[in-house]
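This report is a guided reading for someone meeting the structure for the first time. It starts from a single residue and then moves outward to ring pairs, helix packing and the chain as a whole.

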Amino acid sequence: MTEQVGGMSGLKSIEIEKTSFRTQMVGSLCAQDEGQSHKLVGWVHRRRDLGSMVFLDIRDRSGLLQVSVGLEWAEEKSVQLAHKLGAEDVVSVEGCVSLRPHDMKNVDMATGEIEIKAVRLERLAKAETPAIPVYHSSQDELPSEELRLQHRVLDLRREELQSNLYLRHRLALECRNYMDALGFIEIETPILTKPTPEGARDYLVPSRIHKGEFYALPQSPQIYKQLCMSAGFDRYFQIARCFRDEDLRADRQPEFTQIDIEASFVAPEDIMKWVEGLMVALSRHFPDVKTQAPFDVITFADAMERFGSDRPDLRYSLEIEDWTSILGDCGFNILMSAVGEGGRIRGLLIKDGSRLSRKQLDQLQQEVKEGGSKGFLWVKSTEKGGSGPLSAYMEDHSYAAMGMEPGDLALVAAGSDTITSVALSILRASVVRKLEIRKEKSHAWLWVIDFPIFGVQSNGDFVANHHPFVMPIERDAALMEENPGLVRGMAYDLVYNGVEFGSGSIRNHDPDVQRTIFRVLGLSDQEIDSKFGFLLKSLASGTPPHGGIAMGVDRIVAEFVNATSLRDVIAFPKTTAARGLLEGCPITLQDKDLSELGLLRSSEISKSQKME
């Protein structure tokens, strides 16, 4: 027999089976339960001691409920205990549901119309004085994040985090049901695997049995899911744990979870259709997220031209414009030099942007430089002409040609497209935020397609834009040898409100094409066989055309609940310094532990060498 539970913010009711400890969860009770006797358990959230009577707010994951303990109806020892209870003590309560007097109802509490008149009260566990308070309202001012991470168990009792993790659970369950209905099967792939270059640094695990040899934790199950296609499973998925040893920030963790999908005999539109259906299904669990398929589609080249980013936020209509023909010969040396070197003059026209102060423009300048660009120029249009660094070089007709009216602001960047795109993408995002520009839509779903397979490093070497397993677009394949930088791949990214949710592609099922890509990336045939020989051999065994996608669970949940950090949707996250403050990791190992793994510190190596 089960009972319905509600009360957690934004959550649908769930069912909890009765146990010997309780008949209900506290947040499930309501005025219709008046007169019923129940046995409840939970944490003491707050105690109000009035002498002859004690009021307790009892909390479990379903919500809060007031419990009154008075001599008129409660056992004497229960009243005595109620006077002694402290915050976060775990208690058992037996009593009857009663309506509160009208003037004592709490409209801010889901159970504010009722209380439990406790007949019997028992303390199941005593708590030390909490190092941090356990808040129930999202309006409360929280302690510092570092302190909360040190005492994560207490922080996880907070309603907001419990709600986030419950919704994460619903997302995973919905995903499994959705994929199963499409004929996908969940296959677990290895955690201890072989180091392979996938764009980030591997976490390495030393082997005790094979001293001097190492496993790697997977950056993704990419190769294994392709092997599943070679093996004939046809449709695979996994909610997979992945690991990347890279610098962290608010939207990155060293270990993360992704929805990993791969299918045989598919084209990009097949994967995109399934993912759109999955996003529609997932968003039903998040009341503030609206999802309607099909999603918009834009090419990588178009995205970079119009927005300077391969994950543009299309809630705003602000687009980059090409002003080379207007400003190319204005007499400003910086602009003229950029054009003379083959670059362009591009910019953003901000309607009513003159509201930005000089201080705010200086802040924007700093943001752009920190983002890796040299900076930008600006000009404001006024009734009497203009103001700003560019105004002395602007003719009256130039303002009109750029579409400027009094009160408008133009932000201008010059140089190669790679330089101007970086600057203008940063400016677009910052200006939208600073000026609180009106959104054209609240939920902007987008597919970005046709990515170049290769990027170019400053030294001229090619690197994989996504990963090296992307199938070239057929009409570009002939350029692989003579001009790899122009080869586009059958790749697609899913973007929501300017945040990349996932990245996917059709893969190489032809081992010869795959080997050619490895060669472009600078690998010798010996290196290819050493690192990827098992993959190439599997592809050569008769592998069907296949493709897939991987989407970040942490990022999806964080965006759907409007969290400021991924740490708010992960039970036990790491800091930006990759430390676990609760458990105190990583740690320094003792010499005997390192020796057992075949690892020695430099000092020990020196001692060993001296002894020899």
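## Surroundings of Thr 111

Leaving aside residues up to four places away in sequence, Thr 111 touches Val 26, Gly 27, Leu 29, Leu 64, Leu 65 and Arg 100. The model that shows these contacts is a predicted one. Thr 111 is found in the loop between β6 (90-99) and β7 (114-125), and with a relative accessibility of 2% this residue counts as buried, because the cut-off for that class is under 20%. Thr 111 and Lys 574 are 463 residues apart along the chain, and their C-alpha atoms are separated by 35 Å.

## Aromatic rings

The structure holds 16 aromatic pairs. In one of them, the rings of Phe 332 and Tyr 393 have their centres 4.6 Å apart and their planes at 55°, so the pair is tilted, an angle over 60 being needed for edge-to-face and one under 30 degrees for stacked. This pair links distant parts of the chain, since Phe 332 belongs to the loop between α8 (324-327) and α9 (333-340), whereas Tyr 393 belongs to the loop between β17 (385-387) and α11 (396-401), 61 residues apart. The two partners can also be described by their accessibility: Phe 332 is buried, with a relative accessible area of 12%, while Tyr 393 is partly exposed, with a relative accessible area of 34%.

Another pair is formed by Trp 445 and Tyr 496, whose ring centres lie 4.5 Å apart and whose planes stand at 40°, so this pair is tilted. Trp 445 lies in strand β19 (residues 445-449) and Tyr 496 in strand β22 (residues 491-496), so the pair ties together parts that are 51 residues apart in sequence. Both Trp 445 and Tyr 496 are buried, and they belong to one aromatic cluster together with Phe 286, Phe 295, Phe 501 and Phe 560.

A ring can also be met by a charge, as with Trp 73: the charged end of Lys 117 sits over the ring of Trp 73, 3.9 Å from its centre.

## Helix packing

The table sets out two helix pairs.

| Helices | Angle between axes | Distance between axes | Crossing |
|---|---|---|---|
| α10 (residues 358-370) and α12 (residues 417-435) | about 140° | 9 Å | right-handed |
| α4 (residues 159-181) and α15 (residues 553-560) | about 125° | 10 Å | right-handed |

Which residues meet where α10 packs against α12? On the α10 side they are Gln 360, Gln 363, Leu 364, Glu 367 and Val 368, and on the α12 side they are Ala 423, Ile 426, Leu 427, Ser 430, Val 431, Arg 433 and Lys 434. In the other pair, Asn 164, Arg 168 and Leu 171 in α4 meet Val 553, Asp 554, Ile 556 and Val 557 in α15.

## The chain as a whole

The protein chain has 17 helices and 24 strands, and its C-alpha atoms fill a box of roughly 90 × 80 × 60 Å, taken along the principal axes. Of the 612 residues in the protein chain, 47% are buried. Among contacts in the protein chain with a separation of 6 or more, 66% are accounted for by residues 24 or more positions apart.

Key. Residues are numbered from 1 along each chain as its sequence is written. This is a predicted model: local features need pLDDT of at least 70, side-chain atom pairs count only at pLDDT 80 or more; totals for chains, interfaces and linings use all residues. Side-chain values use heavy atoms; hydrogens and water are left out. Rings of Phe, Tyr and Trp (its six-membered ring) pair if their centres lie within 6.5 Å; planes under 30 degrees apart count as stacked, over 60 as edge-to-face and the rest as tilted. Helices (H or I, at least four residues) and strands (E, at least two) are DSSP runs, numbered from the N terminus. Buried means under 20% relative accessible area, exposed over 50%, partly exposed in between (1.4 Å probe, protein chains only). A charge sits over a ring if NZ of Lys or CZ of Arg is within 6 Å of the ring centre and within 35 degrees of the ring normal. Axes are lines fitted to C-alpha atoms, for helices over the stretch in contact, and angles run from 0 to 180 degrees between N-to-C directions. A crossing is left-handed if the near helix is turned anticlockwise from the far one by less than a right angle, and right-handed if clockwise. Contact means heavy atoms within 4.5 Å.
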